[in-house]
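Open your viewer and let's take a walk through this model together. Keep the selection tool at hand.

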Amino acid sequence: MIKDKEMGKKLLESIETLNEAAYELYSMVLNDNERLDDFVKTMQALLIGIKGNVTGLVVEEPALKCNLLVDNALDTLEKLGEISEKKRKLGIIKNELIPEIGETYVDLLFWGGCFPDPDAMFEYYNNQMKEFYPSPETDKGRYRYDLSVAVMANTEVEQVEKCLKSLNAAVPEELRCEYVLFNDGAGEKVAKYFDGLADKNVKVINYKYQTNAPSVIYQLVEGKDVLFLTTENILSKTAVSNMMKCLTSDKKIGAVCPAFVEEDKLDDTESNEYLWHQKSELNTDVVLAPSSEILMPTMLGAYFPFMAKRYTEFSSKAMSLIGRRNGKILYEAGDALAYRVHKEKDEDIVLEGIKQFERIMGINPMLEQDVDQDLLSGLDFKNKEKRVDILGINSSFGINLLAIQDRVREESKNLRTNIYSLNEEEAYERDLETISKKSRFISDWDKDFDKCFPNARFDYIVMEKTNDKLLDLMLLLKLLERLKDGGSLAIHTAEEMPLSDYEPRKVVGDWQILYK
């Protein structure tokens with residue numbers, strides 16, 4: 001956050017003037033105005049003046065990117081003078097210059113005026129965020145496109161070409177589709193390649209200086225759904241169609257990602273709903289989501305920005321958390337395959353991200369995100385032909401409950417599965433409500449347990465975090481009574497507990513599993 005608020009206010013006013021000038025520039029090009037060259041010089045002078053003030057602010061608040069955005073806008077104006085084709089000039093102003101100026105304004109407003117003050121940040125989230133990044137407009141409920149394909153170039157041009165080749169083969173021909181190609185400082189070769197693709201349905205944003213901020217994409221998308229990917233990724237031919245089938249199968253689904261495999265396993269798989277796996281968090285290197293929902297703009301950093309380095313693995317964590325807590329479920333479509341070029345993880349970003357995420361979102365994003373393989377190895381998932389009911393007790397994000405559900409669906413070809421939850425940790429209450437058919441918060445096991453789902457019987461009961469109340473003999477006997485014949489009660493404790501002589505039982509790692 002910058003200290004000189006008056007300076008910040010004056011700069012925002014100058015950027016507003018610049019934004020108005022950009023729209024006027026578009027009109028001048030459209031009408032072949034003879035004063036065009038002089039007007040461009042005026043805009044350049046205004047930008048240079050803004051740059052002089054912004055550079056000092058970036059030293060004060062390193063989270064700011066507006067100096068790079070101003071440099072990119074200056075580069076865009078320079079390009080306009082080298083282009084004679086009217087249609088191309090109009091496209092650059094509309095799809096590159098105007099969004100650059102808009103991003104500059106928001107960047108200074110939020111990162112200069114709100115970050116890192118949580119109260120100011122939430123004031124922005126609640127009152128200004130959606131004003132700056134509105135959802136795509138519709139004409140009587142109809143979107144201009146069925147699908148917006150947004151590609152962020154962050155590789156060399158050879159890999160960009162491979163990515164787009166696989167993408168063109170994967171996008172179903174019957175869709176009304178647009179492309180938004182975002183070159184985030186990937187170099188002159190990528191810029192020239194993208195410029196050669198620019199067309200009516202292909203919008204190009206060429207940044208000379210890398211910002212790592214794909215929020216600009218959300219200013220341009222006009223499709224009902226948005227498919228986002230970076231150029232590190234290659235898609236199978238059926239990936240997009242299978243992801244779209246998954247997304248449209250349930251109104252509660254907020255986003256879908258493909259399953260990532262090695263390049264030699266990149267097969268064209270037929271649609272298979274038994275391979276659709278519900279997740280608590282998605283890999284958003286490739287992700288499909290409705291444009292009007294909260295998830296895509298959150299992942300792009302347009303909604304709920306919280307970390308100075310914008311597009312990182314924490315973008316997916318923010319999207320997943322906020323999606324879950326707005327009642328949206330997340331799916332990995334196992335019948336949609338993708339391959340990603342190997343990329344080293346930036347450990348410094350991981351440490352910074354954990355700190356910022358927990359400070360703003362109120363939860364450590366690295367906790368409880370791995371499936372417990374010991375648990376799964378002790379359970380049977382075959383021949384589950386009738387409805388399968390799963391009860392989780394203190395299940396954090398519900399990772400293991402979702403994994404059990406997936407294994408039943410895959411091995412028994414049974415989609416009739418229900419998750420129930422009993423939980424005494426407030427931090428996870430909303431996450432568990434989203435994935436569960438029924439969920440209850442427990443404050444007193446003695447008083448509350450008998451009232452919770454009294455008529456339900458379960459195939460699996462999974463107690464993930466134990467305490468003295470939960471390991472009470474009477475409660476354990478009640479849980480065993482709630483099992484269906486052939487059901488399993490899995491308790492995560494390595495310590496001796498009541499029913500130590502119960503049979504049949506199995507000890508797997510830190511799990512004690514009792515079978516009925």
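Contact here means heavy atoms within 4.5 Å. With that in mind, select Phe 306: leaving aside neighbours within four places in sequence, its contacts include Trp 111, Phe 115, Met 121, Tyr 125, Phe 314, Gln 356, Phe 357 and Met 361.

A word on the ground rules. This is a predicted model, in which local features need pLDDT of at least 70 and side-chain atom pairs count only at pLDDT 80 or more, while totals for chains, interfaces and linings use all residues. Residues are numbered from 1 along each chain as its sequence is written, and side-chain values use heavy atoms, with hydrogens and water left out.

Next, colour by domain, using bounds from an automatic or database assignment: domain 1 is 5-132, domain 2 is 145-361 and domain 3 is 373-515. The C-alpha centres of domains 1 and 3 are 54 Å apart.

Now add Leu 25 and Phe 228 to Phe 306; these three have the most contacts inside the largest nonpolar core, which has 114 residues. Such a core is a set of buried (under 20% relative accessible area, 1.4 Å probe, protein chains only) Ala, Val, Leu, Ile, Met, Phe, Trp, Tyr and Cys residues joined through side-chain atoms within 4.5 Å. Helix 4 (residues 86-113) gives the largest share of this core, 12 residues. Helices are DSSP runs of H or I, at least four residues, numbered from the N terminus. A second, separate core of 37 residues includes Val 157, Leu 164, Val 190 and Leu 227.

Last stop: helix 9 (residues 239-247), largely enclosed by the rest of the structure because 7 of its 9 residues are buried, among them Asn 242 and Cys 246.

Definitions and conventions
Buried < 20%, exposed > 50% of the residue type's maximum accessible area, 1.4 Å probe, protein only. Helix = DSSP H or I, 4+ residues; strand = E, 2+ residues; numbered from the N terminus.
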